[in-house]
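Here's a short tour of one protein model. Take a moment to look it over, then read on.

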Amino acid sequence: MMSLIIQKIKTITTQHFSLLKQADPDEDMINSYIYRAFLFECLYNNKIVGVLVLNQNKGNALEILNISVLEEYQHQGIGSSLLVFTENFAKENHYSTLEVCTGSTSIWQLYFYQKHGFRITDIQIDYFLKNYSEPIFEHGIQLKDQLRLKKVV
């Protein structure tokens, strides 16, 4: 297993922003949440290989707003390490639930979250049509609906 360091982001760099855009292509949407959230970076050999954005949601829920790993470092356990970090952060800060939203066509993200114990609890029909200025396509399908997943910690 890699030796990773996960720490708070002090200043958002272009490298951080590039990673954030990898998971959410809409800069306006990213700007709407990064300044009100907990921001973390994941380092491997002093290189930023991942980012994590968390925010308190309604009640005792902590929401994952953005989680992203550099493509060449994916499928090596970094995303899973970021989720374990998130669970520990939630417990230490007295959150009872983790939440995350993803696209209905985001097949690998849905697999990833469900593999880690998240369950689909809600669907927002036409979310991406109403909230994003440019269409998003995944696997040749236009992304329209958002799925919310939750996990009790």
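What follows covers a helix, a pocket and a single serine.

Keep in mind that this is a predicted model.

Let's begin with helix α3, which covers residues 78-92. With 15 residues at 1.5 Å a residue, α3 should span 21 Å, and its end C-alpha atoms are indeed 21 Å apart, so the two values agree. Quite a few α3 residues are buried, including Ile78, Leu82, Leu83, Phe89 and Ala90. Not every buried residue there is a big greasy-looking name on the list: Gly79, Ser81, Thr86 and Glu87 are buried too. After α3 comes histidine 94, with a positive phi near 65°.

Now for the largest pocket, which has a volume of about 1300 Å³. It is lined by 45 residues, and Ala23, Ile67, Thr102, Gln109 and Tyr113 lie closest to its centre. Which strand gives the most to this lining? That's β4 (residues 61-69), with seven residues. Here is the lining by class:

| Class | Lining of the largest pocket |
|---|---|
| Nonpolar | 22 residues |
| Polar | 16 residues |
| Charged | seven residues |

Finally, find serine 104, in the loop between β5 (97-103) and α4 (107-115). Is serine 104 buried, partly exposed or exposed? Its relative accessibility is 30%, so serine 104 counts as partly exposed. Buried would need under 20%, and exposed over 50%. Setting aside neighbours within four places in sequence, serine 104 is in contact with Leu110, Leu143, Asp145 and Leu147. Serine 18 sits 86 residues away from serine 104 along the chain, and their C-alpha atoms are separated by 23 Å.

Key
Residues are numbered from 1 along each chain as its sequence is written. This is a predicted model: local features need pLDDT of at least 70, side-chain atom pairs count only at pLDDT 80 or more; totals for chains, interfaces and linings use all residues. Side-chain values use heavy atoms; hydrogens and water are left out. Helices (H or I, at least four residues) and strands (E, at least two) are DSSP runs, numbered from the N terminus. The expected span of a helix is 1.5 Å times one less than its number of residues. Buried means under 20% relative accessible area, exposed over 50%, partly exposed in between (1.4 Å probe, protein chains only). On a 1 Å grid over the protein atoms alone, a cavity is a set of points where a 1.4 Å probe fits but cannot get out, and a pocket is an open set with protein on both sides within 12 Å along at least five of seven lines; lining residues have an atom within 4 Å of a point. Grid points are joined across faces, edges and corners, and a volume is the space filled by probe spheres set on the points. Ala, Val, Leu, Ile, Met, Phe, Trp, Tyr, Cys and Pro count as nonpolar, Asp, Glu, Lys and Arg as charged, and the others, Gly among them, as polar. Contact means heavy atoms within 4.5 Å.
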